[in-house]
Amino acid sequence: MRYEHIKAFDIPDGWYKALERIWTKGDSFFVGYGSEITETKKLNLTIPSNWQFNPGTGSVSTTQGDDITLLGGYTSGCGRRAIDPAGTVLQVSVSGRVLDLNVSNGGDIRVDGFTIKDGDLSGDGAGVYAASSSSSGAPGDVTLANNIVTGNSSSLASGKGGGVYAVSYTTTTDIAGDITLVNNIVTGNSADFGGGVYAGSFSSSGAAGDVTCTNNTLTDNNADYGGGIYLYASGSPGGSINAYNNIVWGNTASTGGDVYLNKGPNIANAFYNDGSDSAGDDWDYGDSTNFDLDPKLTSNYHLRPGSPCIDAGTNDAPALPATDVEDDQRMIDGDRNGTEIADIGADEFISKAILTFLMLLLN
Ligand SMILES: [Ca+2]
Ligand SMILES: [Ca+2]
Ligand SMILES: [Ca+2]
C-alpha cells in the first residue's frame with residue numbers, strides 16, 4: 001500500500017487524478033483530503049491491475065469478476081476508519097459523474113462513507129453510476145451505505161437516478177444481484193426517473209434479485225417519475241423490493257412525488273416508512289406502520305427533538321445497520337421510555353440528556 005497525496009477536497013477533480021495514477025501504476029492508494037496540515041480522512045482504494053480506467057470520463061470498470069469497494073473515512077496513515085461522510089467529500093468541478101463504476105461477470109460494488117456532490121451530466125447516475133452486469137453467469141450485488149448524495153443532476157430525457165443509479169442485470173437465465181441501500185442521505189438531486197435514486201434488479205430470462213432500502217433519508221429531490229426513488233424489479237418471479245425505516249418525504253414529481261414502484265411480478269414490502277406520495281404498482285403488504293408526517297429534520301438532515309421518526313422504526317428490518325450515517329449506535333432509546341427502537345431515516349437520534357450522560361461516562 002502506498003499513500004498518494006491528492007487532496008480530493010481542495011482539488012475537486014482530485015478523484016479523477018487519483019484514479020488516473022492508480023491506473024498508471026496499478027497499485028493501491030490512499031487518497032487524502034483537506035489541507036496538508038489538517039487532513040484527517042482518506043479514501044482507501046484497492047484497484048487490481050487488470051481494471052480499466054478511462055481518464056476522459058473518470059470511469060472504472062472490470063470484467064474479471066473483481067469487486068469494486070470504495071470505503072471513505074480513514075484517518076491519517078489509514079490505520080483506523082471512522083464513518084464520516086460529511087468529512088470525506090468527492091465532487092467534480094466540471095460537468096460529469098462523480099463516480100462511474102462498472103463490473104461484469106460476478107463482481108460486487110460497494111460505495112460506503114462519502115459525500116458525493118455536484119455531479120452533472122446528460123446520462124444516468126449523475127452522482128453515482130454503479131452497475132454490475134453479466135452476459136454469462138450471475139451478476140454481482142451493488143451496495144451503497146453511509147453516504148450523503150446531494151446536488152447531482154441528470155439533464156437527459158429519460159435519464160435515471162440523479163443522485164444514484166444502482167442496478168444489477170443479466171442477459172442470462174441466472175438470478176440478478178441484490179441492490180442494498182442503507183444509511184444514505186439523498187437530497188437536492190434531479191433526473192427524469194428517480195430524482196434521488198434509481199435502484200433496479202433485472203434478468204432477461206431468470207429472476208430478479210432483491211432491492212432493499214433500509215434507514216435512508218431522501219428529501220428535496222425532483223423527477224418526472226419517482227421524485228425520491230424509482231424502484232425497479234423485472235424478470236421471472238422470485239425477487240422482492242423491501243423498504244423499511246426510510247424517510248422518503250418532501251420530494252416532488254409529476255407522477256409519484258416520493259416513490260415510483262415498478263416491481264414486475266415480484267413482491268414489494270413497505271413497512272415503517274415516513275412518506276406518502278407513491279405511484280406505479282401497489283405495495284403488496286404496505287400497512288399502517290407507514291405514516292406521512294413532517295419528519296422534523298435539521299438543516300443537515302438529522303432528526304430534531306419531537307420528530308415522529310424517533311423510535312418509530314422496526315428493529316427487524318432487513319439489512320438493519322448497527323450504526324447510523326455518522327457512526328452513532330443504532331438502536332438508541334431516543335424517546336427514553338426504556339425500549340431501544342431503531343429510528344426512521346439515516347440518523348439515529350440522541351437526546352441531549354443521553355449525550356450528557358455519555359459525556360459524563362467518557363470523562
Ligand atoms: Ca431510536
Ligand atoms: Ca424508546
Ligand atoms: Ca445520529
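How many bridges join S16 to strand S19, and in which sense do they run? I started my notes with that one. Seven bridges join S16 to S19 (residues 197–207), and the two run parallel. I also looked up a single pair in there: Tyr169 has Phe202 in S19 as its bridge partner.

**Entry: before going further**

Note to self: this is a predicted model. I checked the confidence next. The mean pLDDT over the chain is 83, and 79% of the residues score at least 70. Residues 1–14 have a pLDDT below 50, although the model gives this stretch 41 contacts beyond near neighbours in sequence. I found another such stretch at residues 25–41, where pLDDT stays under 50 and the model has 58 contacts beyond four places in sequence. I'm leaving both stretches alone in what follows.

**Entry: the chain overall**

I counted elements and got two helices and 29 strands. Of the 363 residues in the chain, 57% are buried. I then looked at how far apart in sequence the contacting residues are. Taking contacts with a separation of 6 or more, 71% are between residues 24 or more positions apart.

**Entry: back to S16**

S16 covers residues 164–170, and seven of its seven residues are buried. I wanted to know which residues sit on which side. Val164, Ala166, Ser168 and Thr170 are on one side, Tyr165, Val167 and Tyr169 are on the other, and both faces are covered. So much for S19 as a partner; I also looked up strand S12 (residues 128–134), which pairs with S16 in the parallel sense over seven bridges. Within that pairing, Tyr129 has Tyr165 as its bridge partner in S16.

**Entry: the core**

Which residues have the most contacts inside the largest nonpolar core? I got Val128, Ala130, Ala166, Ala199 and Leu231, in a core of 80 residues. This core lies between domain 1 (1–82) and domain 2 (89–303), because both of them give residues to it. Ala166 is one I had already met, on a covered face of S16.

I picked Leu231 for a closer look. Setting aside neighbours within four places in sequence, Leu231 contacts Ala199, Val211, Ile241, Val259, Leu261 and Asn262. Ala199 is thus both a contact of Leu231 and among the residues with the most contacts in the core.

**Entry: a six-strand sheet**

I traced an open sheet with parallel pairing, in the order S7-S10-S14-S18-S21-S25. Its edges are S7 (89–91) and S25 (247–248), each of which pairs on one side only. Inside the sheet, I checked S10 (residues 115–117) against S14 (residues 148–150): they run parallel and three bridges join them. Lys117 stands opposite Thr150 in S14.

Is Val248, in edge strand S25, buried or exposed? Val248 counts as buried because it has 32 C-beta neighbours inside 10 Å, and the cut-off is 20 or more. Beyond residues up to four places away in sequence, Val248 touches Leu218, Gly228, Ile229, Asp258, Val259, Asn273 and Gly275. Val259 turned up earlier as a contact of Leu231. I also took a C-alpha to C-alpha distance: Val248 and Val186 are 9.4 Å apart in space and 62 residues apart in sequence.

**Entry: Gly188**

I found Gly188 in the loop between strand S18 (185–187) and S19. Gly188 has 18 other C-beta atoms within 10 Å, so I logged it as partly exposed. Its contacts, leaving out neighbours within four places in sequence, are Thr150, Gly151, Asp220 and Asn221. Thr150 is the residue that Lys117 stands opposite. From Gly188 to Gly162 I get 9.1 Å, C-alpha to C-alpha, with their positions 26 residues apart in sequence.

**Entry: backbone oddities**

Reminder: most residues other than glycine have a negative phi, and most peptide bonds are trans. I went looking for exceptions.

- Ser158 is not a glycine but has a positive phi of about 65 degrees. It is in the loop between strand S15 (153–154) and S16, and it counts as exposed because it has 11 C-beta neighbours inside 10 Å.
- Ala319 also has a positive phi, about 60 degrees, without being a glycine. Ala319 lies in the loop between S29 and H2 and is partly exposed, with 18 other C-beta atoms within 10 Å.
- The peptide bond from Arg330 to Met331 is cis, with omega near 20 degrees. Met331 is in the loop between strand S29 (278–280) and helix H2 (352–362).

Terms used. Residues numbered from 1 in each chain as written. Chains lettered and ligands numbered in written order. Predicted model: local features only at pLDDT ≥ 70, side-chain atom pairs only at ≥ 80, totals over all residues. Core = buried A, V, L, I, M, F, W, Y, C linked by C-beta atoms within 7 Å. Buried ≥ 20, exposed ≤ 12 C-beta atoms within 10 Å, placed from the backbone. Domains from an automatic or database assignment. Contact = placed C-beta atoms within 7 Å. Helix = DSSP H or I, 4+ residues; strand = E, 2+ residues; numbered from the N terminus. Pairing = 2+ DSSP bridges. pLDDT = per-residue confidence, 0-100.
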